[in-house]
Amino acid sequence: MKRSKSERIKRKKRLTQRIVQIFESSRKFYGSPKITRLLNRQGERVAQKTVASIMRENQLRSRIVRKYKATTNSSHDHPVHDNRLHQTFIAERLGQVYM
């Protein structure tokens, strides 16, 4: 006699399908915290660890986007050295120009 699938297995399969759908529609940017929030808003009570576990089992890893950080501040009051080389990097003798 063959048993029918348990409710837990059915729920996990349904969750997996929804997680994959949300993940793909986000262009693979959403991780487990954001997917968990979306599922909870849609009425599916699920913990973040459950979503993370399902994502790990299905090799779903979100893409990390680094925020732009300006590293140079050109608008400052600090003294700026004169351009003595004027983009001419050719020296006539040793020790005349250092870069």
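**A tour from Thr36 to the core**

Begin by selecting Thr36, which counts as buried because its relative accessibility is 7%, where buried means under 20% relative accessible area, exposed over 50% and partly exposed in between, for a 1.4 Å probe and protein chains only. The model is a predicted one, in which local features need pLDDT of at least 70 and side-chain atom pairs count only at pLDDT 80 or more, while totals for chains, interfaces and linings use all residues. Residues are numbered from 1 along each chain as its sequence is written, and side-chain values use heavy atoms, with hydrogens and water left out.

Thr36 lies in helix 2, a helix being a DSSP run of H or I of at least four residues, numbered from the N terminus. Leaving aside residues up to four places away in sequence, Thr36 touches Val46, Ala47, Gln48 and Val51, contact meaning heavy atoms within 4.5 Å.

Next, show helix 1 (residues 7-25) together with helix 2 (residues 32-41), which pack at an angle of about 115 degrees with their axes 11 Å apart; axes are lines fitted to C-alpha atoms over the stretch in contact, and angles run from 0 to 180 degrees between N-to-C directions. Here Leu15, Arg18, Ile19, Ile22 and Phe23 of helix 1 meet Ile35, Leu38 and Leu39 of helix 2.

Finally, select Leu15, Ile19, Ile22, Phe23, Ile35, Leu39, Val46, Val51, Ile54, Met55 and Leu60, the 11 residues of the largest nonpolar core, that is, a set of buried Ala, Val, Leu, Ile, Met, Phe, Trp, Tyr and Cys residues joined through side-chain atoms within 4.5 Å. Helix 1 gives the largest share of this core, four residues.

Technical notes. Helix = DSSP H or I, 4+ residues; strand = E, 2+ residues; numbered from the N terminus.
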